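Grab a pencil and open the 3D view. Each exercise below gives you a task, and then a solution to check yourself against.

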Amino acid sequence: MIWAVADAVSTLTGQPFYNVMRDAKALYDTAYEAMNHDTLLGMAYDTSQPLSVRLEAARSNKPMDKDSGLYYDMLVQAEMSNNQADFDAVKAEMMAQGRKEDSIYSTLKGRIREAEPLVHKAAMEYVAGNETAYDKGIKALVKAGYAQAMAEEMGSSEAGYINDQAKALKQYQASGDAEAEKKLLEDMEKRRYTREYMNGLA
């Protein structure tokens with residue numbers, strides 16, 4: 001097909017056939033590479049693909065400095081599926097791209113804490129002093145696929161975060177800092193903690 005196009009262009013323009021063929025092939029290769037890149041990049045975000053396929057697509061098309069969230073999403077996927085080999089592979093790639101291991105774990109736990117409703121539920125029981133309900137919340141996290149130690153750390157850390165925010169809210173209310181109070185409540189609502197709940201703690 002490229003040969004036929006090059007021949008026609010050469011005939012119409014009078015340019016040497018091999019020059020036209022060279023330029024046409026370069027254009028074809030560029031277009032092919034771009035389409036292939038888009039396909040591979042799409043596979044990196046496709047959660048129906050095996051994680052090894054996603055990781056390879058991400059490694060080739062989307063380094064961490066372009067989208068670190070993609071790599072943490074893959075870590076969460078590996079953690080939730082209890083696939084240690086996949087988890088180690090993603091972590092190794094992240095470290096190869098310059099991330100420190102302690103930073104990886106810290107950010108990973110923070111992302112899960114922020115997004116996982118089961119963590120929020122357990123943390124609220126911890127804050128309320130309901131030890132039995134908190135233990136049930138941790139068991140629910142373990143049942144969902146999280147390691148026991150990680151579930152306990154996320155639950156207690158999130159409870160500490162709630163208490164810290166409640167103290168800050170109380171200070172803002174006492175000082176009349178309405179803007180800071182509004183922002184804190186909005187941020188906590190994004191985390192699924194209602195204004196009523198936070199005001200009840202302050």
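**Exercise 1. Decide whether Val-119 is buried or exposed, and find what it touches.**

Solution. Keep in mind that you're looking at a predicted model.

Step 1: Find Val-119 in helix 7.

Step 2: Check its relative accessible area, which is 0%. The cut-off for buried is under 20%, so Val-119 is buried.

Step 3: Look around it, skipping neighbours within four places in sequence. Val-119 is in contact with Ile-112, Arg-113, Leu-141, Met-154 and Glu-158.

Step 4: Try a distance as well. Val-119 and Ala-140 are 21 residues apart along the chain, and their C-alpha atoms are separated by 9.2 Å.

**Exercise 2. Two of those contacts of Val-119 are Arg-113 and Glu-158. Work out how the side chains of Arg-113 and Glu-158 meet, and where each residue sits.**

Solution. A bit of background helps here: side chains of opposite charge can pair when their charged atoms come close.

Step 1: Go from N to O between the two side chains. The gap is 3.0 Å, and the pair forms a salt bridge.

Step 2: Place the partners. Arg-113 is in helix 6 (residues 101-115) and Glu-158 is in helix 9, 45 residues apart, so this pair links distant parts of the chain.

Step 3: Check burial. Arg-113 has a relative accessible area of 16%, which makes it buried. Glu-158, at 0%, is buried too.

**Exercise 3. Test whether the length of helix 8 agrees with the expected span, then sort its residues into buried and exposed.**

Solution.

Step 1: Helix 8 covers residues 131-143, which is 13 residues. At 1.5 Å a residue it should span 18 Å, and its end C-alpha atoms are 18 Å apart, so the two agree.

Step 2: Pick out the buried residues of helix 8: Tyr-134, Gly-137, Ile-138 and Leu-141. These cover an arc of only 100° around the axis, so they're on the same side of helix 8.

Step 3: Now turn to the other side of helix 8, where Thr-132, Lys-136, Lys-139 and Lys-143 are exposed.

Step 4: Ask what the buried residues of helix 8 pack against. They pack against helix 7 (117-128) and helix 9 (148-175).

Step 5: Step just past the end of helix 8, and you'll meet Gly-145 with a positive phi of about 120°.

**Exercise 4. Do the same for helix 10: which residues are buried, and which are exposed?**

Solution.

Step 1: Start with length. Helix 10 has 13 residues and reaches 18 Å from its first C-alpha to its last, close to the 18 Å expected at 1.5 Å a residue.

Step 2: List the buried residues of helix 10, which are Leu-184, Leu-185 and Met-188. Seen down the axis of helix 10, these fall within an arc of 95°, so they line one face of the helix.

Step 3: Flip to the other side of helix 10, where you'll find Glu-179, Lys-183 and Lys-190 exposed.

Step 4: See who the neighbours are. The buried residues of helix 10 pack against helix 9 and helix 11 (195-201).

Step 5: Just after helix 10, Arg-192 takes a positive phi of about 80°.

**Exercise 5. How far apart along helix 10 are Lys-182 and Glu-186, and how exposed is each one?**

Solution.

Step 1: Lys-182 and Glu-186 form a salt bridge, with the closest N and O atoms 2.6 Å apart.

Step 2: Both residues lie in helix 10 (residues 178-190), four residues apart, about one turn of the helix.

Step 3: Read off the accessibility. Lys-182 is partly exposed at 47%, and Glu-186 is partly exposed at 30%.

**Exercise 6. How many salt bridges does a search of the whole structure find? Then look at the one between Glu-56 and Arg-59.**

Solution.

Step 1: The search finds ten salt bridges.

Step 2: In the bridge between Glu-56 and Arg-59, the closest N and O atoms are 2.4 Å apart.

Step 3: Both partners are in helix 3 (residues 51-61), and because they're three residues apart, about one helical turn separates them.

Step 4: Glu-56 is partly exposed at 40% relative accessible area, and Arg-59 is partly exposed at 37%.

Terms used. Residues are numbered from 1 along each chain as its sequence is written. This is a predicted model: local features need pLDDT of at least 70, side-chain atom pairs count only at pLDDT 80 or more; totals for chains, interfaces and linings use all residues. Side-chain values use heavy atoms; hydrogens and water are left out. Helices (H or I, at least four residues) and strands (E, at least two) are DSSP runs, numbered from the N terminus. The expected span of a helix is 1.5 Å times one less than its number of residues. Buried means under 20% relative accessible area, exposed over 50%, partly exposed in between (1.4 Å probe, protein chains only). The arc is that of the directions from the helix axis to the C-beta atoms. Contact means heavy atoms within 4.5 Å. A salt bridge is a side-chain nitrogen of Lys or Arg within 4 Å of a carboxyl oxygen of Asp or Glu.
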